[in-house]
2 protein chains.
Amino acid sequence: MNATIPDPTTLTPSARRILETASTLFYEGGITAVGVDVIAERSGVTKRTLYNRFGSKDTLVATYLLEREMRWRHLVETAVAAPELTAIQRVTAPFDALGEWVQQSPRGCAFINALAELPDPEHPAHQVAAEEKRWLCNLFERLATDAHIADPADLAKRLVCLHEGALAMRAALPEIDSVTIANQTACDLVDAATSGHQTRGEPL
Amino acid sequence: MNATIPDPTTLTPSARRILETASTLFYEGGITAVGVDVIAERSGVTKRTLYNRFGSKDTLVATYLLEREMRWRHLVETAVAAPELTAIQRVTAPFDALGEWVQQSPRGCAFINALAELPDPEHPAHQVAAEEKRWLCNLFERLATDAHIADPADLAKRLVCLHEGALAMRAALPEIDSVTIANQTACDLVDAATSGHQTRGEPL
DNA sequence: CGTTGCATTCACAGGTCTGTATACCTTACG
DNA sequence: CGTAAGGTATACAGACCTGTGAATGCAACG
């Protein structure tokens, strides 16, 4: 029934097609709502092949999220490493990557969506999703540290919240250009964190 | 099949029980994953009664979101109207309401989750969810206007992003106290928007 | 040539899903 | 008393779901 997640970079040709079809359908239609029959049919593959390659739907879901995370990480890492950027600009570079990313992602964050559909913390996909958020938060903290910002952990958490909010709002109210808004806000937060001591309002 | 959404405040006793059971199960287990059979059984009601009262699962889902929105709105509106608050403090008051709200909502935002599961924009629940976000954004803008903030529309969008991000992060990484972080950040944003001209970083 | 791995075809098991049909019971109220 | 509304009980239709079984084709590689 269950199986270990295969390495998305070394897949047989059929498995590749299956994964690509599943990625599209899961993201656009929702994980629970999309059945393996449709995935197999749209991949030009039989269900048997699907199960031979992935072992279970849950594993296919986890593989889908895993590969998506790899693509996202790669995009962010190249954006952050752009040579023309200052250390300060690098801190908000993930928001630039997000701007590209959402062009092909009108339905919000695939990881948040997966968490919404799969409440069971034991589900393999659940941990992939949580891991992605943890990675992003740690990345922000590292970038803030490199930019010699006073409280990098605090800034990182703020930026992660902004980041997720922008993605979520894009699915809910596409007419608001939430990514640009979040990007500007992130720059302001970095500004505030660098220019001397920061006025911090009481949370009442 | 489909039916009009009933008024959640005037329900027969059975319908009340059905809606309450459905609310819990939908939120905790996901909408698609929870079937009407288990809802009926856990409500101590037959499926026939459920269909007599709500007509379809889709309508039941929409009613669930509608009532949840009413409760949330009420909580926010009382928080915003607290007499001891200044106009400036009112702007971030929804974040205080959010602090209470998430005590009973460890699985993130029900509306975002619903959008994740029901991509069809024609689905009645879809519009209830989008409406909630629009309402919150407009509320922020109104509060910012009342507090004589320079660009209320801009600030409102920033605060909505923060708000949604805090909710989403709570589901993904509960160990981060995202609501408190977002509340503090919101206060800082309001501070920055009130104290003279605001340095706005280039989004690169 | 023979093996090995990949994929195919087709059928099926065992559930669960939404939604409906029929017939009966109970309670409130005019 | 009589009626109507709300609810009960049970069974069913028809579709879809995940996952399995058994037999076969085919191409590459030793």
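Trainee: Is His148(B) buried or exposed?

Mentor: In this predicted model, His148(B) counts as exposed, since its relative accessibility comes to 72%.

Trainee: Where does His148(B) sit in its chain?

Mentor: His148(B) belongs to the loop that joins helix H7 (124–146) to helix H8 (152–172) of chain B. Its backbone deserves a look as well, for the phi of His148(B) is positive, about 55°, although the residue is not a glycine.

Trainee: Why point that out?

Mentor: Because most residues other than glycine have a negative phi.

Trainee: And what about His148(A)?

Mentor: His148(A) also is not a glycine and has a positive phi of about 55°, and with a relative accessible area of 72% it is exposed. In chain A the loop that holds His148(A) runs between helix H8 (124–146) and helix H9 (152–172).

Trainee: OK, how do the two chains relate to each other?

Mentor: A turn of 180°, with a shift of 0.0 Å along the axis, lays chain B on chain A with an RMSD of 0.0 Å. The two copies are therefore related as by a two-fold rotation axis.

Trainee: Which residue of chain B comes closest to that axis?

Mentor: That is Gly165(B), whose C-alpha lies 1.7 Å from the rotation axis. As for the interface, 100% of the interface residues of chain B are also interface residues in chain A, so the copies meet through the same surface.

Trainee: Switching to the DNA, which residues are closest to strand C?

Mentor: DNA strand C is surrounded by 19 residues, and the closest are Thr46(A) together with Val36(B), Asp37(B), Lys47(B) and Tyr51(B). Of the strand C atoms that come within 4 Å of the protein, sugar and phosphate make up 58%.

Trainee: What polar contacts are there with strand C?

Mentor: A backbone N or O atom of Val36(B) is 2.6 Å from a phosphate oxygen of DNA strand C, while an N or O atom in the side chain of Ser14(A) lies 2.8 Å from a phosphate oxygen of that strand. A base is involved too, with an N or O atom in the side chain of Arg48(B) placed 3.3 Å from a base nitrogen of DNA strand C. The elements giving two or more residues to this surface are H1 and H3 of chain A, along with helix H2 (36–42) and helix H3 (47–54) of chain B.

Trainee: And which residues come nearest to strand D?

Mentor: Among the 19 residues around DNA strand D, the nearest are Val36(A), Asp37(A), Lys47(A), Lys57(A) and Ser14(B). Here sugar and phosphate account for 54% of the strand atoms within 4 Å of the protein. Side chains reach phosphate oxygens of DNA strand D from both chains, with an N or O atom of Lys57(A) at 2.9 Å, a polar atom of Thr12(B) at 3.0 Å and an N or O atom of Thr49(B) at 3.2 Å.

Trainee: How does the surface near strand D divide by class?

Mentor: The residues there are six nonpolar, seven polar and six charged.

Trainee: Last topic, H1 of chain A: what covers its buried residues?

Mentor: The cover includes helix H2 (36–42), helix H3 (47–54), helix H4 (57–80) and helix H7 (110–117) of chain A, and the buried residues of H1(A) include Ile18(A), Leu19(A), Leu25(A) and Phe26(A). Helix H1 itself spans residues 13–29 and reaches 24 Å from its first C-alpha to its last, close to the 24 Å expected. After H1(A) comes Gly30(A), with a positive phi near 95°.

Technical notes: Residues are numbered from 1 along each chain as its sequence is written. Chains are lettered from A and ligands numbered from 1 in the order in which they are written. This is a predicted model: local features need pLDDT of at least 70, side-chain atom pairs count only at pLDDT 80 or more; totals for chains, interfaces and linings use all residues. Side-chain values use heavy atoms; hydrogens and water are left out. Helices (H or I, at least four residues) and strands (E, at least two) are DSSP runs, numbered from the N terminus. The expected span of a helix is 1.5 Å times one less than its number of residues. Buried means under 20% relative accessible area, exposed over 50%, partly exposed in between (1.4 Å probe, protein chains only). Contact means heavy atoms within 4.5 Å. A residue is near a molecule or strand if one of its heavy atoms lies within 4 Å of it. A polar contact is a pair of N or O atoms within 3.5 Å; within protein, one must be able to donate a hydrogen and the other to accept it, and residues adjacent in sequence count only if both atoms are side-chain atoms. Ala, Val, Leu, Ile, Met, Phe, Trp, Tyr, Cys and Pro count as nonpolar, Asp, Glu, Lys and Arg as charged, and the others, Gly among them, as polar. Copies are superposed by least squares on the C-alpha atoms of residues with pLDDT of at least 70 in both.
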